[in-house]
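Reader: I have a model to go through. I would like each label set against its cut-off.

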2 protein chains.
Amino acid sequence: MTQTRTRLERGRSALGPALALVHTGRAPTRAVLTAELGVTRATAGAVAAELEALGLIRVDSRPLGAAGAQGRPSHRLSIAPHGPVALAAQVHADGFRAALVGLGGQTVATAPGCMTVPADPAHVIDAVVEAGVRLLRETGRRCVGAGLAVPSAVAEPEGTALNPLHVAWPAGAPVRELFSRSLAAAGIRGDDGEPVTGFAGNDVNLAALAEHRHGAGGGAQHLLCVATGHRGVGGALVLDGRLHTGSAGLALEVGHLTVNPEGPPCHCGSRGCLDIEADPLAFLTAAGREPGPEVSLLQQARDLLREEYATAPSVRAATEQLIDRLGLGLAGLVNILNPDRIILGGLHRELLEADPERLRAVVAERSLWGRSGGVPILPCTLDHNSLVGAAELAWQPVLDDPLAALGVG
Amino acid sequence: MTQTRTRLERGRSALGPALALVHTGRAPTRAVLTAELGVTRATAGAVAAELEALGLIRVDSRPLGAAGAQGRPSHRLSIAPHGPVALAAQVHADGFRAALVGLGGQTVATAPGCMTVPADPAHVIDAVVEAGVRLLRETGRRCVGAGLAVPSAVAEPEGTALNPLHVAWPAGAPVRELFSRSLAAAGIRGDDGEPVTGFAGNDVNLAALAEHRHGAGGGAQHLLCVATGHRGVGGALVLDGRLHTGSAGLALEVGHLTVNPEGPPCHCGSRGCLDIEADPLAFLTAAGREPGPEVSLLQQARDLLREEYATAPSVRAATEQLIDRLGLGLAGLVNILNPDRIILGGLHRELLEADPERLRAVVAERSLWGRSGGVPILPCTLDHNSLVGAAELAWQPVLDDPLAALGVG
DNA sequence: TCACTTTGTGCCGACTCCAAACAAAATACG
DNA sequence: CGTATTTTGTTTGGAGTCGGCACAAAGTGA
C-alpha cells in the first residue's frame with residue numbers, strides 16, 4: 001500500500017517550527033500559525049496540509065465556536081486524535097511508571113504503576129518496556145520513539161547514569177543503551193520499520209522541559225527548575241526551549257551550593273549544602289519528626305506540611321527554615337544564571353505554596369540586584385512532568401524535522 | 001561614485017558563517033572554507049568573492065608557501081590588510097584605553113592610555129570617543145561600530161552599568177546610551193552614512209568572548225572564564241560561540257559563591273564569598289602585607305607573587321590559600337555549568353601558573369564527578385582581551401549578516 | 001611530457017518561497 | 001435581505017538560492 005503523497009513544494013524548513021507551535025499550544029489556528037512562522041499564508045497552508053497528511057495534526061475547516069471576530073474564520077489546528085505516540089517511562093525510588101504520550105503532552109494511556117525497583121537496571125528497564133509494549137498493543141497506536149526518566153545525572157553522549165543512588169543501581173549504568181536494546185528486543189518499531197530510538201535523561205531535567213512546553217514555564221527564555229524528590233536536590237535549565245545539560249550532561253547539579261555556612265558537614269566535603277539542608281529528610285528532621293519506613297520521605301514531608309503547618313509551631317519553624325535555605329540556594333543560582341522564571345517541584349513546590357512571600361523575599365534580598373530578585377517563582381503545574389518530559393525527548397526528532405524523523409521523503 | 005557590484009547569486013546565507021571562520025582563523029584556504037561550510041565549491045567561491053568585494057577579506061590566488069600537498073593549491077584567505085575596523089574602548093579602575101581592532105582580533109592602532117577616571121561617566125566616555133576619533137583620522141580606516149568594556153555588570157536591554165564601583169560611577173549609569181550619543185556627536189559614521197552603533201559590555205564577559213575567538217578558548221563549546229581585576233571576582237560563559245549573559249545581562253555574577261564557610265562576613269550578608277576570599281586584596285592580606293596606595297592592588301599582588309613566591313613562606317601559603325578558595329568556587333561553577341574549558345584571567349591566571357597542579361586537584365576533588373573534574377583549566381593568552389572583546393561586540397552584526405551590516409544590497 | 005589529484009568556474013535544473021490576484025466565509029450595515 | 005467590508009484560504013507566476021555536473025586550471029610524481 002504505497003500511498004502516493006503529494007510532494008511538499010514549500011514550507012519544508014518551517015515544518016518543524018510549525019509542529020512545535022501546535023505542540024505547545026501556541027498556534028490554535030492557521031492564521032496564528034502564519035503570523036508566528038512569519039511566512040505567507042500560502043506557505044502556512046502547505047505546512048498545515050503536510051502535517052495533517054503525516055497524521056500529526058488535524059485541520060478543522062469548520063470552526064465550531066463562533067469567535068465573533070470579523071472576517072473569514074480561520075481553520076482550527078489541533079493534535080490529530082489518533083496520531084502516533086511516544087513511549088514514556090520513569091524510574092523512581094519507589095518503582096516505575098510507563099505511559100503513552102501524544103503530541104501536546106497529552107497522556108494517551110497509562111500503565112498501572114509498579115512499586116518495586118530491583119537493583120538490576122536491566123530488569124527494571126525490561127519491565128518498563130514490557131509495560132510499554134502492552135500499552136501499544138492495547139491502543140494500536142504508532143510509536144515515534146521512547147524516553148526514559150531516571151533519578152540520576154545522565155552523562156552525554158554515552159547515556160550512562162552517574163549517580164543513581166535512589167534506585168541502588170551501579171554508578172555508570174548504561175541506561176540509554178539498555179533501554180534501546182530492550183526496545184529493539186521487544187520489537188517496537190517505527191513507521192520506517194526500524195526499532196525506535198530510546199532516549200534517557202535526568203528526571204528533573206525532563207520535568208523542566210515538560211513544564212516549559214506544556215506547563216508553568218511557557219514562554220520563558222531562561223527557565224530554572226529546582227526540585228526535591230526523595231533525597232537531595234536537583235536542578236535544570238531550559239534555554240530558548242532547549243535543555244541546557246552542559247558539555248557532558250552534568251550541568252545544574254545544584255545540590256552542593258552552600259546555604260548554611262554553619263551547617264552540618266556534607267559528604268562532598270563542604271558543609272550546609274542545599275542537598276542536606278532542603279530535602280524532605282531535612283524538613284522532617286527540622287520539625288523534630290522521626291522519618292518512618294512506611295511511605296516515601298517526600299510523602300511524609302508533604303503530609304506533615306499540609307496537615308500540621310497551621311497548628312504545630314515546630315512544623316511552621318521547619319518550613320521557614322527550609323524556605324530560607326532554599327531561597328539562599330535560589331539566590332545563588334539567580335546570580336549565576338539570571339533566569340527569567342523559576343519553577344519549583346516536589347517538596348519545594350509545597351514550601352513555596354506554604355509561604356510564597358517569604359521565599360520571594362529571601363531570593364530578592366540575597367540575589368544581587370532587585371531586578372533579578374523580581375524573578376517570578378512558580379509552582380510546577382503538570383502531573384507526572386518527568387514522564388511528559390521523557391516523551392518530549394522522544395518527540396524531539398519529530399519536532400526538529402518531521403519528514404526525516406518519520407522516514408518520509 | 002556608485003560602484004556597480006555584481007549581485008550575489010548564491011551563498012548569501014553562508015556569508016556570515018564564512019566571515020566568522022576567517023575571522024577566527026579556522027578557514028585559511030578556500031578549500032577549508034568549502035569543507036567547513038558544508039557547501040559546494042561553487043558556493044564557497046561566490047562567498048569568498050563577495051567578502052573580498054566588500055573589502056573584508058583577501059583572496060590570494062598565488063599561494064606563497066608550497067604546502068607539498070598534491071593537487072591544485074587552494075586560494076589562501078586572509079583578513080583584508082586595509083579593511084574596516086571597530087573602535088574598541090575599555091574603562092578600568094586606573095583609566096581608560098582605546099584602540100582600533102580589525103577582523104581577526106588584530107589591533108590596528110592604540111591610543112596612549114589615559115590614567116585618570118573622573119566620576120562622571122559622560123566625561124570619560126567623551127574622552128574615550130575623542131581618542132577613537134583621533135585614531136580613525138590618523139589611520140583613515142572605515143569604522144563598522146564601537147564597543148565599550150566597563151568593570152560592571154551591564155543590564156540588557158537597557159545598557160546600564162549596575163555596579164560600577166571601581167570607577168565610582170553612579171549605579172545605573174546609561175553607558176550604552178552615553179557611548180552612542182558621544183559617537184554620534186563626534187561624527188563617527190559607517191559606510192551608510194549613519195552614526196555607528198555603540199555597544200557596551202562587562203569587561204570579563206568581553207574578555208571571555210575574545211579568548212574564545214582568538215585565544216585560549218578556541219573550539220570550546222561551553223567556555224567558563226573567571227577573573228579578578230582590582231576588587232571582586234567576575235565570571236563569564238560563552239555558549240556555542242555566544243556570550244551567555246542571562247535574561248537581563250546579569251548572569252555569571254560569581255563573586256558570592258561561598259568558598260569558606262568560616263570566613264569573614266561579606267556585605268552581601270553571607271560569609272566567605274569568593275569576592276572577598278580570592279581577589280588581590282585577599283591575597284595581600286593573606287600574605288600579611290599592607291596594601292599601598294601607589295599602584296593598583298592587582299599590580300601589587302602580581303609583583304608579590306612573582307617576586308616572593310619562591311622565597312617567602314607567607315606568600316606561598318597565601319597562594320595556596322587563594323588557590324584552594326578559587327578551586328572551591330570553580331568546582332561549584334563546574335557543578336552548575338559543566339563547562340568543557342575554564343580560562344582564568346587577572347590574578348587568577350598568576351595563581352594558576354604558580355601551582356597548576358594544586359588548582360586542578362582542588363577542582364577535580366570538589367566537583368562531583370571526576371569527568372567534570374577533568375575539565376581543562378588554562379590561563380588567558382591575549383593581551384588586552386577586554387578591549388578585543390569590545391571590538392567583537394561591534395563586529396558581531398557584520399559577522400551575523402555582512403550585507404545588512406555594511407548597508408549593501 | 002603525461003597521468004593523476006585537487007581546486008576553481010560556468011551552466012543547468014531543482015527546490016523554496018514571496019507576491020499578487022482571486023476565491024471563500026464570515027460580519028456590519030443599510 | 002442584499003451589499004460592502006474584513007479576514008482568511010488557494011492558485012499561479014516568477015525570483016532567489018543552491019546542489020550537481022562538466023570542464024578548466026594548477027600543482028605533483030613518474
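Author: Across the interface of chain B and chain A, the rule finds two salt bridges. This is a predicted model, where local features need pLDDT of at least 70, side-chain atom pairs count only at pLDDT 80 or more, and totals for chains, interfaces and linings use all residues. Side-chain values use heavy atoms, with hydrogens and water left out.

Reader: What makes A:Glu262 and B:Arg271 a salt bridge?

Author: The rule asks for a side-chain nitrogen of Lys or Arg within 4 Å of a carboxyl oxygen of Asp or Glu. The side chains of A:Glu262 and B:Arg271 meet at 3.4 Å, N to O. Therefore the pair counts as a salt bridge.

Reader: How much area do chain B and chain A bury between them?

Author: About 3,200 Å², with 61% of it on carbon and sulfur atoms. Buried area is the accessible area (1.4 Å probe) that two parts lose on being put together, summed over both.

Reader: Why is A:Thr40 said to make a polar contact with DNA strand C?

Author: A polar contact is a pair of N or O atoms within 3.5 Å; within protein, one must be able to donate a hydrogen and the other to accept it, and residues adjacent in sequence count only if both atoms are side-chain atoms. An N or O atom in the side chain of A:Thr40 is 3.2 Å from a phosphate oxygen of the strand, so the contact qualifies.

Reader: Which atoms of DNA strand C do A:Arg72 and B:Arg72 approach?

Author: The A:Arg72 side chain has an N or O atom 3.4 Å from a base nitrogen. For B:Arg72, a backbone N or O atom lies 2.9 Å from a base oxygen.

Definitions and conventions. Residues are numbered from 1 along each chain as its sequence is written. Chains are lettered from A and ligands numbered from 1 in the order in which they are written.
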